Amino acid sequence: MKCDYNEFIDNVKRKTGIDLNLYKEAQMKRRLTSLREKKGFNDFSSFFQAMLKDEKLFDEFLERMTINVSEFYRNPKRWEVLENKILPRLLKQNPRPKIWSAACSTGEEPYTLAIIMSHFMPLSQVSILATDIDRAILERAKVGFYAERSIKDVPKEVLYNAFNKDTIGYTIKDEIKNTIKFRQGNLLADRFESNFDLIVCRNVMIYFTEEAKHELYQKFSDALRPGGILFVGSTEQIFNPQTYGFETEDTFFYRKK
């Protein structure tokens with residue numbers, strides 16, 4: 001059965017670029033065996049063949065691989081505020097803004113940022129730092145391969161212009177991939193760079209203690225230039241922004257004084 005699983009790993013990497021060898025084998029094999037058996041397949045070979053024909057099954061496979069659930073344009077109204085209100089002001093102050101997607105997970109967030117930035121400037125001028133603590137997650141982000149679930153809020157025109165469609169999913173185009181610098185990083189332990197115009201850190205604070213949140217908000221504030229913006233998730237409103245030298249610019253957007 002181990003040989004069957006190893007062949008499955010090779011097939012997945014060949015088809016999607018995702019390398020399951022980067023994950024702890026016992027844990028990943030247990031998760032995927034559970035899914036395979038739940039779906040009624042006796043071996044990984046037949047499971048893989050079925051995935052090639054069934055986009056929903058492939059989506060479940062990707063979801064089972066990680067708890068880092070993310071998607072493009074997550075909470076679309078907030079991204080509209082970023083594009084229509086926040087970025088025009090930031091770009092007036094700095095035509096080549098320094099942008100960081102912190103805790104970027106599988107890449108949907110920084111790629112969304114790159115797509116939005118392309119509405120203001122050529123992609124060749126866009127540069128976004130994207131960090132996460134999980135090396136395997138970062139490798140998946142670099143591949144840029146996504147199932148239907150991840151792209152459900154992507155506008156049709158963007159889907160056509162920014163992705164290549166495959167039988168079982170979508171791959172972000174190289175010109176967008178090239179705008180992102182992925183790097184491993186630990187938010188709680190690392191020193192941050194400075195003079196960012198925009199830091200996006202969404203839907204990760206919920207996993208931290210109040211003490212850790214306090215420390216992180218201060219570190220983010222210190223990493224922003226005056227007038228720079230911190231964009232947080234829809235469950236992560238900062239109730240005392242002035243404590244960290246912030247003013248509320250819009251819901252979930254905080255401007256450094």
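**Asking our way through the fold**

Trainee: At the start of α3, within what distance of the backbone nitrogen of Ser-45 does a side-chain oxygen of Asp-43 come?
Mentor: Helices (H or I, at least four residues) and strands (E, at least two) are DSSP runs, numbered from the N terminus. Helix α3 covers residues 44-53. At its start, the oxygen on the side chain of Asp-43 gets to the Ser-45 backbone nitrogen within 3.3 Å.

Trainee: What kind of model is this?
Mentor: Residues count from 1 along each chain as its sequence is written, and side-chain values use heavy atoms, leaving out hydrogens and water. Local features need pLDDT of at least 70, side-chain atom pairs count only at pLDDT 80 or more, and totals for chains, interfaces and linings use all residues; this is a predicted model.

Trainee: Back to α3: what arc do its buried residues cover around the axis?
Mentor: Buried means under 20% relative accessible area, exposed over 50%, and partly exposed in between (1.4 Å probe, protein chains only). In α3, that picks out Phe-44, Phe-47, Phe-48, Ala-50 and Met-51. They sit on the same side of α3, because their arc is only 160 degrees, taken from the directions from the helix axis to the C-beta atoms.

Trainee: Which helix gives the largest share of the largest nonpolar core?
Mentor: A nonpolar core is a set of buried Ala, Val, Leu, Ile, Met, Phe, Trp, Tyr and Cys residues joined through side-chain atoms within 4.5 Å. The largest one here has 40 residues, and Phe-72, Leu-82, Phe-163 and Leu-198 touch the most other members. The largest share of this core is seven residues, and they come from helix α5.

Trainee: Phe-163 sounds busy, so which residue is its bridge partner in β5?
Mentor: Away from neighbours within four places in sequence, Phe-163 has contacts (heavy atoms within 4.5 Å) that include Phe-72, Ile-115, Tyr-146 and Ile-172. Strands β4 and β5 pair (DSSP finds at least two bridges between them) in the antiparallel sense, over three bridges. In β5, the bridge partner of Phe-163 is Ile-172.

Trainee: Which strands stand at the edges of that sheet?
Mentor: The sheet is open, with three strands in the order β3-β5-β4 and antiparallel pairing. A strand with a single partner has one side left without a neighbour in the sheet, so the edges belong to β3 and β4.

Trainee: What phi does Gly-144 take just after α7?
Mentor: Start with helix α7 itself, residues 135-143, where the buried ones are Ala-136, Ile-137, Leu-138, Arg-140, Ala-141 and Val-143. At the start of α7, a side-chain oxygen of Asp-134 reaches the backbone nitrogen of Ile-137 to within 3.1 Å. Just after α7, Gly-144 has a positive phi of about 70 degrees.

Trainee: Is strand β8 mostly covered or mostly uncovered, and how many of its residues are buried?
Mentor: Strand β8 has two partners to look at. With β7 it pairs in the parallel sense over five bridges, and with β10 in the antiparallel sense over three bridges. Strand β8 is mostly covered: of its nine residues, the number buried is eight.

Trainee: Which residue in β10 is the bridge partner of Ile-229?
Mentor: Four bridges also join β10 to β9, and those two run antiparallel. Glu-247 stands opposite Arg-255 in β10. For Ile-229, too, the partner in β10 is Arg-255.

Trainee: What is the length of the polar contact between the side chains of Arg-225 and Asp-197?
Mentor: Arg-225 has its place in strand β8 and is buried, with a relative accessible area of 15%. A polar contact is a pair of N or O atoms within 3.5 Å; within protein, one must be able to donate a hydrogen and the other to accept it, and residues adjacent in sequence count only if both atoms are side-chain atoms. Between Arg-225 and Asp-197, the side chains are joined by one of 2.4 Å.

Trainee: What relative accessibility does Asn-203 have?
Mentor: Asn-203 lies in the loop between β7 and α10. Although not a glycine, Asn-203 has a positive phi of about 60 degrees. Asn-203 counts as buried, because its relative accessibility is 16%.

Trainee: And how far apart are the C-alpha atoms of Ser-127 and Glu-175?
Mentor: Ser-127 lies in the loop between α6 and β2 and is partly exposed, with a relative accessible area of 36%. Its contacts beyond four places in sequence are Pro-97, Ile-99, Thr-179 and Lys-181. Ser-127 and Glu-175 are 48 residues apart along the chain, and their C-alpha atoms are separated by 11 Å.
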